[in-house]
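The following exercises concern contacts between and within protein chains. Each task is followed by a solution in steps.

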2 protein chains.
Amino acid sequence: MISDSTVQLGHGSGGQMMKRLIDEVFLDAFEAPELHAGNDAGVAALPGTGRIALSTDTFVVTPHFFPGGDIGRLAVCGTVNDVATSGARVRYLSCGFILEEGFPLDDLRRICQSMAETAREAGVAIITGDTKVVNHGSADGVYINTAGVGEVPEGSSLSGAACQPGDVVLVSGTLGDHGIAVMSQREGLAFSTTIESDAAPLNHLIAAVLDASPHVRCFRDPTRGGLASTLNEFAAASNVEIEVDEEAIPVKPEVQAACEMLGYDPLQVANEGKIVAVVPADEATAALEAMRANRYGTDAAIIGRVRDAGESGPCVRVRTPWGSTRILDMLVGEQLPRIC
Amino acid sequence: MISDSTVQLGHGSGGQMMKRLIDEVFLDAFEAPELHAGNDAGVAALPGTGRIALSTDTFVVTPHFFPGGDIGRLAVCGTVNDVATSGARVRYLSCGFILEEGFPLDDLRRICQSMAETAREAGVAIITGDTKVVNHGSADGVYINTAGVGEVPEGSSLSGAACQPGDVVLVSGTLGDHGIAVMSQREGLAFSTTIESDAAPLNHLIAAVLDASPHVRCFRDPTRGGLASTLNEFAAASNVEIEVDEEAIPVKPEVQAACEMLGYDPLQVANEGKIVAVVPADEATAALEAMRANRYGTDAAIIGRVRDAGESGPCVRVRTPWGSTRILDMLVGEQLPRIC
């Protein structure tokens, strides 16, 4: 017998129990009038620039709560950041929950409050949603999908394929914090300092960089696969070589130490509150200053440069403190499953 | 050791294996240039009427393949229909997969082909996506979320709260087919006739009804909870009573027989290719003809009427063939879990 304090199969029925769950948990947490209208689609104003950006992300992280964040904050930040990287003004989110029978309703309320707070911080509204309940044992408590819609300003054409030789690569802060924070929590690892996830909505930071550096080539948030995946994606899409300077890449000493202990490369570890930007060289300083002026960009740094692809084709190289270079590859298999 | 013919944890890594999965399965199935651009958000034209409709649905149905459809066709139809019920022209979908380690890649390809075909039929494009992989045992093979965006025509204001006394209620075809089809497949029940799911994209049917009946009050697809939930939602939102005529409600004899055997009320069973419409009385015939002219509306019928709410408040009544009426309530708990 499952008590009323946990999710039950009936909460996914489309009937009275589901209505109660929606009223008492979701509508209590999320305030958008478009959601409260109670129709199957949220209808909302979008003045219309002629183009939209649409992105989606599903979150399956375990544990659900970790230092610096939780699955709800991640679910909002991840999609807000993905939409914002296109240069769009992020406006609306949808939210789809998969709940496991037996999941504590108090945990669900806490997750929804975190989503609502993060959405307020980002200035976006959750205007539509869906809930499914699966049998006990068929999910790990809760999975959350969000999709986000934004307006793309006229003339904007950011793309990972737009990098040009001579461009400069920036990162908005320290790398590896999120992955190591979740991993430490999951494995019960104790370090002298608590490592916190960097989960944060970066749409305001991105807007500030776009104001300061109007010719930004592209943004990407280095989540799964870390900086290594992001730079390799840029290099391949733009057919260029990217060289980064290992000493210039900001990594917290405690994250570096944890990575060494666990055998990870911090450049391949997931971040949830960092942005990589490629900008023309003459806009690099302005872009860096714009990042540093934002609360989530105080540790921003210029970390590298785009070059012509050599004979071996597009690749990413890391220049070590000793002057040598090594190839920075994308992860082959899985390093940190269920990190987001 | 999991062979290459199944999903592995590395397919969710953000690294090389994930890139291969995206290239060889998703990009092979889905053709939109916005998706093939390979950025974190799909950027697409939306001429802009000033308002968008956004909806989302997650699909956790078991089994994944059933007579008349599969989880992929459902995932496209469900969201297309939810967006279309707002009166919007559905344009773009996002798609988020949760894959279980060990899930056969051939099944995933088949599901993606089905999604692509259904999207083509509906005239919508899948322009962005996400893939997560969870450990063996943490999901039932595959869960799929879709979110959809459409343009809302100027002046359109469909809402479940817009029903007025005197309005007429229509349904676009037979009820209960989807729920009974999935249930039969799941339980290995054999009936003399194979009952097929009605899963279908209804955006073209809805557009035709809107053309024929410009003052439609609202549409809703009676999925989980069936006709009973949809009509009770309309009654509560509009503060009216809705009376339907049991004999006028189309139900296939084999579905009726299966419901009697299993103890279900076909009015509470899920549909995935039917629409309920409430229209002014003087537009009811035109709306009915528009439905019947569509391939998915050949069995459409006028089934009831909206009245003033009596002293007991908003409710739904069914008039039986014997002239008596009974209250049609929303399901309380769960009848058919994992039906969509």
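A salt bridge is a side-chain nitrogen of Lys or Arg within 4 Å of a carboxyl oxygen of Asp or Glu. The model examined here is predicted.

**Exercise 1.** Determine how many salt bridges join chain A and chain B, and place Arg224(A) in its network.

*Solution.* Step 1: the count between the two chains is four salt bridges. Step 2: the side chains of Arg224(A) and Asp130(B) form a salt bridge, with an N to O distance of 3.0 Å. This distance satisfies the criterion of within 4 Å. Step 3: Arg224(A) and Asp130(B) belong to a network of salt bridges that also links Asp57(A) and Lys132(B).

**Exercise 2.** Describe the area buried between chain A and chain B and the elements that contribute to the side of chain A.

*Solution.* Step 1: about 5700 Å² is buried between the chains, and carbon and sulfur atoms give 55% of this area. Step 2: in chain A, the residues that lose the most area to chain B are Asp40(A), Leu54(A) and Arg224(A), together 13% of what that side buries. Step 3: the contact takes 76 residues from chain A and 76 residues from chain B. There are also 41 residue pairs in polar contact between the chains, both residues being at pLDDT 80 or more. Step 4: the elements of chain A that give two or more residues to this side include helix 1 (16-29), helix 3 (71-84) and strand 2 (50-59). Strand 2 of chain A gives the most, with nine residues. Step 5: the side of chain A divides into 32 nonpolar, 30 polar and 14 charged residues.

**Exercise 3.** Identify the strand of chain B that pairs with strand 2 of chain A.

*Solution.* Step 1: the partner is strand 1 (residues 42-46) of chain B, paired in the antiparallel sense over five bridges. Step 2: within this pairing, Ile52(A) has Ala44(B) as its bridge partner.

**Exercise 4.** Why does the salt bridge between Asp265(A) and Arg326(A) tie together parts that are apart in sequence?

*Solution.* Step 1: the side chains of Asp265(A) and Arg326(A) meet at 3.7 Å, N to O. Step 2: Asp265(A) lies in the loop between helix 8 (253-262) and strand 11 (276-279) of chain A, and Arg326(A) in strand 14 (residues 325-327) of chain A, so the pair ties together parts that are 61 residues apart in sequence. Step 3: Asp265(A) is buried, at 19% relative accessible area, whereas Arg326(A) is partly exposed, at 29%.

Definitions and conventions: Residues are numbered from 1 along each chain as its sequence is written. Chains are lettered from A and ligands numbered from 1 in the order in which they are written. This is a predicted model: local features need pLDDT of at least 70, side-chain atom pairs count only at pLDDT 80 or more; totals for chains, interfaces and linings use all residues. Side-chain values use heavy atoms; hydrogens and water are left out. Contact means heavy atoms within 4.5 Å. Buried area is the accessible area (1.4 Å probe) that two parts lose on being put together, summed over both. A polar contact is a pair of N or O atoms within 3.5 Å; within protein, one must be able to donate a hydrogen and the other to accept it, and residues adjacent in sequence count only if both atoms are side-chain atoms. Helices (H or I, at least four residues) and strands (E, at least two) are DSSP runs, numbered from the N terminus. Ala, Val, Leu, Ile, Met, Phe, Trp, Tyr, Cys and Pro count as nonpolar, Asp, Glu, Lys and Arg as charged, and the others, Gly among them, as polar. Two strands pair if DSSP finds at least two bridges between them. Buried means under 20% relative accessible area, exposed over 50%, partly exposed in between (1.4 Å probe, protein chains only).
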